[in-house]
Every structure is written in C-alpha cells, then in structure tokens.
Amino acid sequence: MKLPVFLLALACSLATLSARAQPGAWWPAVAHPTHPRTLLTPDQLPQVRASLRAPTAGGLYRGLWAGTQAAPPTDNTSASGRRARATFAKNAAFVVLLDRQPAADSLGPLPATTRAAQMQQVTQLLETLNPAVEPFASFSGTTYTEWQWRSKELIDYLIAYDLLRGAGMPDTALTMARQQVQTFAGNLYRESNKPFMGLYFYRQIKNNHTLMTAAALGMAAVVLNEASSSDSNLQPTNWANTALFHLDNVLWMDAQRQSDPVAVAGYAEGPYYFKYAFLNCLPFIRALGHFAPGASFSCTYNGTTRTIPNPYSDPRYARLYQWAAAITMPDGRLPALEDSYVDMAMPELALTGQARFTPTLALSKLSTSQLNTLQAQLRDATVDMRAAYLAALPVPTAAGGASLTHLPQSGNLIFRSGADSLAMYFHLYGKSGPAQDNSGGHSQADASSFILQAQGQLLALDAGYLSYARRSDVGQATNHNLVLVDGAGPTIGTSGAANDAAATLPLAFATPGLAFGEVRTAYRNATITRKALLVRNRYVLLADFAASSTPRTYTWQLHGYGLEGGNAATGVFQENFGQQQATWNKNGVQLLAHVATPGPATFGKATSVHELTYNTTENHTVLLVESPAVARTQFLTALYPSAAAPAATSFVTRSTTATAALSASSSGYQDAAFTQADTVQSTLTTLPKPLTADGLLTFLAIDSAGQATQTLLDQGTLLRYGPDTLLHTTRRATASWQVLGDGRYAGYVSRATTLVVPMAQMPAQVQGSALDGYTYNARTHQLSIRLRDASDVSVQTTARPLPVTLVQFGGRRGPAGVALRWQTAAEVNNQGFAVQRSTAASPGFTTIGQVPANGNGNGNGPASYIFTDTSAPAETVYYRLQQQDTDGTVAYSGVVALGPVTAPLMLQPAPVPADAEVRVVATGLLPAATVLELLDARGRPLRQLPLLALSTLTTAALPAGIYYLRALDKQGRPAAPAVRIVVTH
C-alpha cells in the first residue's frame, strides 16, 4: 500500500526533526546536511575532477593515487604508524570520491570492483582505528604535546569518513566506523578538558597546541554533527563549543593571544608555527564554511560567552592570511623568522578559497634534500595535504609587488623590487607588544635582523630552525644579521618568555625609486637603530646606529649564503677586506656587501651554521666588522645583489672620523651617502660638488647629465649640493624628494612642516595627503609646500589633462570588509589605480592595493571598478584613489570617509531548550522598527513581535520541536543571523 505524498513528506520531516532533537547533536541554524562537506561539496566535485587534466594537479593526483595502491600500514600503536594509517584512509577515500585512476596519459574511472574494494579498505581502517588519547599531564610530566599527532590523525579519519559518505557509502554500512571516530573525538575532548592537579589545558596553554586540538574537535562536530550521546564527552555540541571558543580566544581575545582582532598583527610564534597550527585549522575552517556558511555561533567557556562569526568568512582570519601573503618571499617560501624552517612555503592557504593568499612556487634553487617541489611541500612529514590542496581548486598568485610593506604590529618591514619570482626582497624584523610577548618558546634572538633574497636565491640568511630540541643551535644573536654589543645580542626566547629585546618599526614610506624604513631596539644596555633605503629597486643602503653610555665593542654581522673555499653546493665566499667588502656567490647569484664606518674598524670572518633541512646543518661564512671601544658608532652598508659577477656597481668608502660615508657608480648614476651620530651640518666632497646636510642619514643621486634627481634627508632640515639648496624643512624631519622628468616631482615628509625645494617654473598642480597649501617664489625659483602632518607630495609643472574622468567613488562596510566602488566616464593612457587608506591612528595615506585599468586603459565609455579592503580597521577610515598614468604620472581622487564599525545585531535566546517562554537578548546595533519573527522547522512564519533589547516570547502553546528566530528590518529584510531554539515540555 502506498502512503499519500503528504504523509510521506510528513514522515520524512518528523524523521529529520527527531534527528535534530537528539541529545548532543549539533545543528547550526543554516546547516547544510549533505556529504561531502570537509574538503569539498557535491557541487564542487565536477570541477575538481576536471582540474586533474592540468599537469600540476594531475601530477599531484597521480602521486596520491599511487600511494593508495599498496597495503595500508599495519602499525596502529606508534605515533608515526597511527598517522600513516589515517593518511592512507583519507587519501584512499579521496580516490574513491573522485573515482579516477591513471590510464596512460589520462585519468579514467575506477573499475567498479576496485572502487568497492577501496571503500571496504577505508571502512576497515575506520573501524579499527586506535582511539586512545594521552592525558593532559601526569606526575611524569605533560603529554599533551602528543595531541599534535592525535589531532592530525583524527582530522584525517574524519575526512575519510566524510568522503565515503559523499561517495555514496550507506550510513548503515558505516555505523561501526562512525562509533569509532566518535569515540576518538570524545577521548580527545575528555582529556583536553580534564584537569590535572587543578590545572586545565585550555587555561594554561595558549599556542599552536590549543589551536590544533580545538580544530580537530571542530572538524568532528562538523562531520559527526548528527551523532548523539548521553555522555557529554561524545556530544558534537560540546566539541563545536570548545573548538570555536578556543580558536577565537587563542587567536584574537586572550591576553596571550597569537594575533590581533583589528590589525594585521601576524602570528606571534612565527610563520612555521602558524602553518603548523593551520594545517589543522584550515581544513576545519573550510569544512565549517561548507557546512554552515554565514552562520555565527554562541559559545561559552569558564563562564564567558561570546558570539563568534564563522571563521571561513571572518575578516580577522583574512587579515592573518594577508600577513602570510605579505611576508612571502618571491620564490613562494615564507621567511625563516623565529623558529621557522628555511625551505617552507604554505600552498595550503589555497584552502581559504582566495587566490590572493595562495603562493606561486619557484623553488628551483633549493637543493634536492629540501622541499623543492609543490608535492614535497604538501607532503611534509607531519601531514599530507595533497587531497585538501586539490579539492581547493587552487589558483596561485605571485607575491605582492608593492615596493614597501610596513606591518608594525607584526614586526615586518619588507622592500621589494617587483612582483616576479626573481625580484629582490629585503626584510627587516622588529617585534614588540603581544606579537613579541606571546612568541615565548619559539622566539629567537633576532631583534632588528634582516633577510635578503634576489634572483630566486636566498643571499643574506636567517639561520632557520633545526628542531625544537636543537633550536638554540641556530637561534642565538650570533646566528642573525644584527649588531652585537661586546660579542652578544638579545637572549633567545624560552617557553616562559620571549627574547629580551623589543623592537619597533616607527617609520616607513615609499616614493618612486626610493623606499625607506627603520627599526629601533635596545639590548645589552645599548640602543640600536637600523635604517634601510631601497635605491631604484637595485640595491639596499643599510645605516646602523649603535649607542651606549660607556665604550663598547660593536660587531656588525652578515651571514651570507656561501662558504670560504666552498663549492657550487655550499656557495662561495670571497673577501676583499682591503676594499672593505666581501661577496657571496650561490647558484649564479652574487651578493656584494660594502661596509663603511667612522674611524677605524676591523674586518674579519667566521664560520657559522644554518639549517639546510630538518635537523641538518650547513656551513657558511660570516662577515664581521668590529668597531672597538667606542660609546657610539655607525655602520653604513651597501648590499648589492646581482645575477652576474663581478657586480656592475662599484662602491668606495669616503668616511671621516665623524661620519660613515660611501659613494657608488651605478647604472648611470653617481650616488653618495653618509651617516653621523649628531644632527650637525657635515660635508661630503666625493661628488663633483660638495654635499652638505645636517641629517643622521643623507643620500643623493646625480644622473648622467649631472642633475640631482634623488635626495633623502633623515632627521634633518637642510640638504645642499654645492651652492644649491635641494631640500629644506622648517622643522627637523625625514624627507625625500625626487625629480621624475617631464615636469614631474615626488616626495615625502614625516611630519608637519614646510618643505622647500627648487622649482624652475610655477607648478600647475601640487598634491599631498596632508597638504595645507603652497607658495611659489618666482625670483628664487623655490616652491614652499605647507603640510599639516606626515604626507606624500607630488608636483606637476606643466598643465596636462588628467587621463581619467572620475564620476563616482564611494565605499560601504560589509561582512568581508569595506567594498570600494568607482566609475570613470573616459580613460586615456590609464595604467590603473592604487587604493590608499588613512586613519586617525595612522594619518598618512598608505597604499593597500592595486587595481589595473579595464582593457588597455583607453576608452570613451564608462568603466566600473571594485576593491575590497578585507583588513579595514574598525575605527573611522578614509580612502582615496591614486590614479596612475602609463607614463608614471599620478593624480588623486577626493577622500571618502567611512564611520567606525558598530557591533552587528545578534540574537541570543535563553534558556535553550525552552519550555514556557524564551527570552531573547538583542546585542549590537538595533535599528528602529525591527521585528522578531518565529518560524517553524520548515521555515514558515508563525508569529511576530517588536524586537527590544530584551524580548520575551511565550512558547507554552507550541508543540515540542525545533524552531527558528530571526530579526527583520522595517523593509522586511533579515537584520541578524537566524538562531535555532528547541522547545520541550
């Protein structure tokens, strides 16, 4: 007998309702109950299969498939054996889901018998998994560190289970497998919440271990959300609560947090431990984005309740990924900062679903013992991420091409000569505040150290990381490119405290052809200030200032990639101490270092070690320049990388007893620079005319026609070349000025002042982010530019039509950040737009992104553009566009201001489950005329009432079951995420 259709539908609805009402099951308001839901969704499956036709993806998949053709590992006891079994299960389930195997030069479907056998093989691995989890601690010591392996093992088994469900394996055939995985997750939950001698894991440990453990529990909640139990340890609701609260707490909220909820602040433990933690977090976050997109969650721990956005769409996570992308080196590796390996990239950022965070790898200059391929990177010893990477449909992008990236909260200052894999990359490091304080046991003695890469080759080394047990072998101050004081530097961090030298990055700016920044720190009762200048994207000038109240011995160090007497494998170091310089050659790339000091200095060398690969060292030669028995001194260094030897640029020391000075002949320019300890007028006589200035650092470039084209004056008021004043400020400042040609000029000033520069004719246009006004003296041919704050400046002396007619420019805050939109009516030779941002805390405008012109930059019709600022601060923020012509000319739009973020409206019902009534607390911004609407389990409206800060809804007459609450604005649009309530009587 056939049931009527409406009865059949009712039966199905009641079955679903019954499942959702089971004790401990986790059903977010917008849950998507289909499988697969971890690495991919059903609708993404055809795209992933199609992507395997591409050589890179196809090669990865063939390697993964081949690994599943042998028998599964039998060791189910040791940490490595358990991980290997879980990895096999995950990869075999991925093959079953994709239903593809190599067939000659293509991929074809799996034979039905093969597919069935692999399904059974994965099922057996799940049914026989070892669910044992070590306790948090015992009288023999802490054992929670083993959870780094248990968590990765659990995640792989959960993915395997999910992929089998997605491949059509009946739920009834996976009953024992589900019970085993639920037991495994329950054991991890129990042990991570069980105290030892009054100590709790989540209250004591606030680092990568917490994130890994929480992410594994979160993945269990997503995959096994329907599971239920009267045992609280086995309930997905508890796993989800633990996961979301502690990810939120450790990353953004706790005093020992690893990042910051507002700023781009990086990850305190450094790049490697960010990657290590997020090898767990990224699969969970991606799965949560598939399972409950756009949802937010109310989570409680130890009496604290928070409403937590879905991490997959949370802009705080985007800022963390932005940091990783911003510091990535041109060849795709992350820099070896703190305890980080030298050959490590993070292609797994593809799991974010955003191409801009996925690095392009160009690792040909790594040795065969290093992770020199994409496959090697994804098969790191701790976890195999090939399936996750393939499922993410990655579209790698090159590292950012901005000439300067200034991230003071994370301690990163990065100079780049371009966006390609051969670009020069110079990285100054200087952390303070939470970024340093919370780095603890992974903090190296590296305040103010630097790294340099060019032509795809690392040239100025950070020593890397051998292993936790051997971190002190390469983590001392003597292993880093910094200034030693009496032979020592900052102390290496320990598990109880970070290194003892906070460092700040107070100033950075870029103008065409010159980029400047500095780091300041103090250790060993001495202050160290390091200033860097990227000259014409060709070489770096490094000015180091060391000072103490008593005479000290200061030693300048450069760890270059090359060994005296070495070979092609080690690289080769050559000294030329008579010329005060040395070179390192590795893989056909050379680094020349020329060091000038005031007064006498001793040049020497030493052999040191750096990490080649895990627990394996390699030797290199260190250049040491020592200034003995002085209270203060300077080191002025030119770092010149090149693809050929000898270098095409020559440097000569021009120092005096009071100044460190050098001159250079480079690509048609004559450059001169000098440093001094005091801001007094000093003169350098090595150019055709005397160079006089009163700054701490002075730079001047003369072109082949004898014209002064580039100047930089640090903390000065006057720069004069011969009788001509090239730059003058009425207040001491750091200022730059450049002649760009065709009547165009550009500059920067670090504070409110009046900038005076020579100008042969009256300007047609003067622009600056903090411009107050300007005057032109036709008799003296000087332009005086009044600035009310730090500001960039551009001048055009010949009137010319703007290449773009801008008719609209505006912005709006949204869940993903600030969406900026603008439209042009016509374009002529438009190169594109730089999007610039300013806040009260950072008053100067800073470029945060580039948007290329539509088409070829020429057109008479309208063109529309959009840019999303995913790292927009919560405070009032100002935006403008810098329109860029194909010839380098720039023009600025008006400024758009957006008010501060107000907390979004959220609904918090209590009690849950409810009986006679439910109270609803509305937090955040509550617009007038907002109503609260009650819906049944099928989404049908039942009742409405005005939404107040505290609303009470009577539920006594409602049948027991699942209901939803949502807020609607006066236009009837959703004003807050819907929340689920359960009514029981």
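In this predicted model, Cys 281 has a relative accessible area of 0% and is therefore buried. Cys 281 takes part in no disulfide, the nearest cysteine sulfur being that of Cys 299, 15 Å away. Cys 299 is likewise without a disulfide, and the cysteine sulfur nearest to it is that of Cys 281, at 15 Å. With a relative accessible area of 2%, Cys 299 is also buried. A disulfide is a covalent bond between the sulfur atoms of two cysteines. Since the cut-off is a sulfur pair within 2.5 Å, the separation of 15 Å excludes a disulfide between Cys 281 and Cys 299. The count of disulfides comes to 0.

Confidence was examined next. The mean pLDDT of the chain is 91, and 96% of the residues reach 70 or more. Residues 1-17 have a pLDDT below 50, and this stretch has 4 contacts in the model beyond near neighbours in sequence. Where pLDDT is low, the predicted coordinates should not be read in detail.

In soluble globular proteins, nonpolar side chains tend to be buried together. The largest nonpolar core of the model contains 140 residues, and Phe 94, Phe 274, Phe 278 and Phe 284 have the most contacts inside it. The element that contributes most to this core is helix H11 (residues 271-291), with 14 residues. A second core, separate from the largest, has 48 residues, including Ala 445, Leu 505, Trp 556 and Leu 558.

Apart from neighbours within four places in sequence, Phe 94 contacts Leu 39, Val 48, Tyr 61, Leu 64 and Leu 163, together with Ala 387, Leu 390 and Ala 391. Helix H4 comprises residues 79-98, and its 20 residues should span 28 Å at 1.5 Å a residue. The C-alpha atoms at the ends of H4 are 29 Å apart, in agreement with that expectation. H4 is mostly covered, with 17 of its 20 residues buried. After H4 comes Asp 99, which has a positive phi near 55°.

Most residues other than glycine have a negative phi, and most peptide bonds are trans. Glu 338 departs from the usual sign, with a positive phi near 55° in a residue other than glycine. This residue is located in the loop between helix H12 (315-327) and helix H13 (374-378). Glu 338 has a relative accessible area of 1%, so it is buried. Asn 587, also not a glycine, has a positive phi of about 55°. Its position is in the loop between strand S19 (581-586) and strand S20 (589-596). The relative accessibility of Asn 587 is 37%, which places it in the partly exposed class.

Cis peptide bonds were found at two prolines, described in turn. His 35 and Pro 36 are joined by a cis peptide bond with omega of about -5°. Pro 36 belongs to the loop between helix H1 (5-20) and helix H2 (45-51). Ala 910 and Pro 911 are also joined by a cis peptide bond, with omega of about -5°. Pro 911 sits in the loop between strand S45 (906-910) and strand S46 (917-923).

Two threonines in strands were considered. Thr 529 is part of strand S15 (residues 526-535). Its relative accessibility is 17%, and because the cut-off for buried is under 20%, Thr 529 counts as buried. Not counting residues up to four places away in sequence, Thr 529 touches Glu 518, Val 519 and Arg 520, as well as Ala 543, Asp 544 and Phe 545. Thr 659 lies in strand S24 (residues 659-666) and, at 6% relative accessibility, counts as buried. A polar contact of 2.8 Å links the side chains of Thr 659 and Thr 656. With neighbours within four places in sequence left aside, the contacts of Thr 659 are Thr 597, Pro 598, Gln 634, Phe 674, Thr 675, Gln 676 and Ser 682.

Met 762 occupies the loop between strand S32 (753-758) and strand S33 (765-768). At 56% relative accessibility, Met 762 counts as exposed. Leaving out neighbours within four places in sequence, Met 762 is in contact with Tyr 776 and Thr 797. The C-alpha atoms of Met 762 and Ala 778 are separated by 7.2 Å, although these residues are 16 residues apart along the chain.

Note on methods:
Residues numbered from 1 in each chain as written. Predicted model: local features only at pLDDT ≥ 70, side-chain atom pairs only at ≥ 80, totals over all residues. Heavy atoms only, no water. Core = buried A, V, L, I, M, F, W, Y, C linked by side-chain atoms within 4.5 Å. Buried < 20%, exposed > 50% of the residue type's maximum accessible area, 1.4 Å probe, protein only. Helix = DSSP H or I, 4+ residues; strand = E, 2+ residues; numbered from the N terminus. Contact = heavy atoms within 4.5 Å. Expected span 1.5 Å × (residues − 1). Polar contact = N/O pair within 3.5 Å; in protein donor to acceptor, adjacent residues only side chain to side chain. pLDDT = per-residue confidence, 0-100.
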